[in-house]
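Here is a short note for a colleague who is new to this structure. Please look at the model first, then read the points in order.

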There are 2 protein chains.
Amino acid sequence: MSDDSTKGPSSEQSVARPTLAEVARRAGVDKSTVSRALRDDSAISAETRARVQQVAAYLHYVPNANARRLSNAQTNVLAFASRAFRRNDDSDQFLMELLAVITREAVAAHFDVLLCCPEEDENDLQMYERILGGHHADGIILMDLRRNDPRLDYLCARGYPHVLFGRSDEDIRRARRYPYPWVEVDNRFGVRAGMEHLLSLGHTRIAFVGGDFAEYFCVFDRHTGYHEALQSAHIAQNPELFLPGPVTEAEGYRLAQRLLAQHQPPTAIFAFGDVMAAGVMRAAHEAGLVVGRDLAVVGFDGLGLGRFLTPTLTTLRQPLQEVGRSLVQLLIAQIQGNTMSDAHVLLCPELEIRASTGGVWNPSDSPASPTSR
Amino acid sequence: MSDDSTKGPSSEQSVARPTLAEVARRAGVDKSTVSRALRDDSAISAETRARVQQVAAYLHYVPNANARRLSNAQTNVLAFASRAFRRNDDSDQFLMELLAVITREAVAAHFDVLLCCPEEDENDLQMYERILGGHHADGIILMDLRRNDPRLDYLCARGYPHVLFGRSDEDIRRARRYPYPWVEVDNRFGVRAGMEHLLSLGHTRIAFVGGDFAEYFCVFDRHTGYHEALQSAHIAQNPELFLPGPVTEAEGYRLAQRLLAQHQPPTAIFAFGDVMAAGVMRAAHEAGLVVGRDLAVVGFDGLGLGRFLTPTLTTLRQPLQEVGRSLVQLLIAQIQGNTMSDAHVLLCPELEIRASTGGVWNPSDSPASPTSR
DNA sequence: TTGTACGCGTTATCAT
DNA sequence: ATGATAACGCGTACAA
């Protein structure tokens with residue numbers, strides 16, 4: 001801190017931030033020379049470069065990003081949009097991890113990450129227009145894809161670089177490859193893997209809870225996985241065991257209560273997400289059931305939460321590291337005009353078998369907890 | 001999507017984004033007139049303004065943020081830095097909620113939010129220099145304050161606007177008349193409130209786990225709260241009951257095991273954070289104890305997680321809405337040169353009493369079983 | 001009320 | 001290898 005410590009931050013000018021011109025003056029060369037020397041641009045004599053860099057370092061010179069952006073017509077900023085920024089709900093948990101990965105990857109490639117959220121009475125499309133049209137970012141990462149998502153048409157038409165976490169029906173229905181890249185965790189496959197795990201344990205009355213908006217591709221896909229798994233196992237669909245609903249802990253609790261009150265309750269419950277599974281387990285516990293013995297529970301996402309629950313939760317882990325890395329790399333490649341822009345990355349969630357499906361549990365054990373650890 | 005679906009995004013030019021000059025040309029006026037009309041700047045005839053705005057809307061004109069920033073010497077961007085973006089650990093959970101609040105508040109004030117993370121072999125100070133010195137953002141929100149935090153001197157000296165979530169040592173600040181705003185949740189008060197809750201339930205052997213780096217003000221403060229509460233209650237300090245350590249679920253599990261293995265185990269355990277408390281509860285459960293009856297557990301933070309655990313977790317809820325709102329408003333006020341720059345906001349965490357401290361439980365109820373192991 | 005001219009800090013093109 | 005000069009798109013004194 002400087003010695004004039006009585007002055008407030010706004011009462012005194014900030015330390016002047018030197019410009020290219022200032023560096024040039026002190027180094028006795030032209031601005032353009034400094035610009036080049038600092039970027040190893042074209043051939044600059046070694047000694048000139050050294051002197052310039054020395055002066056720049058001495059002055060703590062940092063190029064003005066906005067001037068650079070204006071000149072380059074590129075911002076080196078990635079935008080990240082998620083409805084989680086509007087209202088907080090339980091399902092946000094894994095976003096933080098994803099965001100951390102994305103930020104690290106972006107920074108490593110010298111990109112900034114911008115968080116996007118619609119303004120008051122502004123819809124998604126208007127927000128994209130504001131961010132991309134206003135040159136706040138070069139491209140955007142989209143979440144929460146819908147089966148038929150109007151945002152894609154929009155971004156396509158305007159030529160705005162983007163990458164999807166998720167996909168729409170375009171690819172599948174029209175057998176027409178979406179000309180923009182997407183990264184997806186195969187939700188259908190994941191649910192099927194979880195279902196096969198339950199089936200292999202001998203369960204036949206398997207319920208599914210959660211997912212209230214079938215228009216979200218992710219919801220559609222997980223539901224499809226559930227139905228397909230039953231079909232493959234030649235188990236008749238039972239509408240009473242399929243209960244869509246908001247993906248919250250409270251709803252998991254409520255729906256599980258409803259399921260367990262049936263005269264022929266399910267022996268296993270597949271929850272749309274881990275947080276919801278927590279609610280299911282809470283209901284089961286209150287009903288006097290021991291999860292992992294009297295009732296099997298499977299979640300989805302692989303949140304840290306699943307390891308903290310009692311019993312620990314069997315779940316499908318989303319490979320967030322790979323997701324984040326792919327999203328950033330595909331978007332940057334696209335921005336820089338590389339040709340792999342229509343790459344599609346489909347990752348498989350990994351089945352983590354834990355105690356809630358009674359993995360390690362042994363019938364002769366005491367009704368106490370699964371003593372796996 | 002356009003009809004030429006065979007073309008990749010990079011094979012075709014983006015839709016041209018109109019400039020001020022373009023709008024001016026189409027409206028038959030000068031650039032400056034457009035500039036003013038679009039910002040209700042100075043007096044512009046109603047009809048001119050109407051025509052200009054109509055043309056701008058027709059062309060989907062959005063001002064180039066970088067040109068505007070260059071001209072205004074202000075970016076309207078807030079930077080957010082947290083070590084959570086470097087590596088993911090359990091303690092990140094509440095950041096997502098905070099980030100959501102911050103983003104909403106910032107956007108409402110027409111500011112963008114930028115996520116910051118040091119580059120490879122770059123330290124914190126260098127990162128600030130890059131972000132603030134490079135005009136990526138006008139100011140920054142700092143997390144994870146240390147008792148004697150070198151970052152403050154640095155930011156002060158350079159005159160970079162900033163606001164702290166947390167604070168440094170009173171005396172150090174006072175001696176230097178630290179003129180920047182901070183927002184803090186009173187950790188010491190929170191722990192004392194939790195301790196008083198436990199004391200009122202009759203507990204005297206109360207352990208505290210977690211907090212491995214006393215240089216973090218937050219750690220120092222919570223530890224102080226613990227010690228002060230014991231002192232106020234005339235309970236002798238017992239080093240065996242005070243176990244600092246990393247704030248993770250695994251460490252909570254480990255330390256609780258150690259505590260419960262003592263010949264005179266504690267009857268209550270205060271965990272540094274909710275996630276850590278989850279580990280404590282897991283250990284207790286495995287040891288055959290019923291949390292809320294045989295052992296009381298208190299957490300800190302008020303994460304959603306606490307409501308999902310069995311039993312539900314008594315905790316100190318951090319008022320993240322208010323924290324986020326204050327941070328953004330104080331930072332923006334500072335950036336815009338308003339005088340409330342040295343405002344200090346101290347918020348109180350709220351004690352949420354849930355089942356883990358045995359709401360209904362009564363000391364004479366059962367043989368304080370931890371001793372009966 | 002509107003137009004003119006210049007500056008913001010950088011990069012790029014053209015000379016030298 | 002280096003210097004002069006012109007954009008980039010917008011805001012804003014100043015002039016009309």
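1. Start at DNA strand C. Of its atoms within 4 Å of the protein, 67% belong to sugar or phosphate, and the rest belong to bases. This is a predicted model: local features need pLDDT of at least 70, side-chain atom pairs count only at pLDDT 80 or more, and totals for chains, interfaces and linings use all residues. Residues are numbered from 1 along each chain as its sequence is written, chains are lettered from A and ligands numbered from 1 in the order in which they are written, and side-chain values use heavy atoms, with hydrogens and water left out.

2. Who stands around strand C? There are 25 residues around DNA strand C, and L20(A), Y61(A), D30(B), T33(B) and T48(B) come nearest. A residue counts as near a strand if one of its heavy atoms lies within 4 Å of it. By class, this surface has 8 nonpolar, 11 polar and 6 charged residues. Ala, Val, Leu, Ile, Met, Phe, Trp, Tyr, Cys and Pro count as nonpolar, Asp, Glu, Lys and Arg as charged, and the others, Gly among them, as polar.

3. Now the polar contacts of strand C (pairs of N or O atoms within 3.5 Å). T48(B) puts a polar side-chain atom 2.3 Å from a phosphate oxygen of DNA strand C. S45(B) uses a polar backbone atom, 2.9 Å from a phosphate oxygen of that strand. S71(B) has a polar side-chain atom 3.4 Å from a base nitrogen of DNA strand C. Elements giving two or more residues to the surface near this strand are α2 and α4 of chain A together with α2 and α4 of chain B. The most, 5 residues, come from α2(A). Helices here are DSSP runs (H or I, at least four residues), numbered from the N terminus.

4. Turn to DNA strand D. It is surrounded by 26 residues, with T33(A), A43(A), T48(A), L20(B) and Y61(B) the closest. Sugar and phosphate make up 69% of the atoms of DNA strand D that come within 4 Å of the protein. Y61(B) has a polar side-chain atom 2.5 Å from a phosphate oxygen of DNA strand D. An N or O atom in the side chain of S35(B) is 2.8 Å from a phosphate oxygen of this strand. For S71(B), a side-chain N or O atom is 2.7 Å from a sugar or linking oxygen of DNA strand D. Here α2(B) gives the most to the surface, with 5 residues.

5. How do the two protein chains relate? Chain B can be laid on chain A with an RMSD of 0.1 Å, by a turn of 180° and a shift of 0.0 Å along the axis. The two copies are therefore related as by a two-fold rotation axis. Superposition is by least squares on the C-alpha atoms of residues with pLDDT of at least 70 in both. The same surface serves both copies, as 96% of the contact residues of chain B recur in chain A. Contact means heavy atoms within 4.5 Å.

Methods: A polar contact is a pair of N or O atoms within 3.5 Å; within protein, one must be able to donate a hydrogen and the other to accept it, and residues adjacent in sequence count only if both atoms are side-chain atoms.
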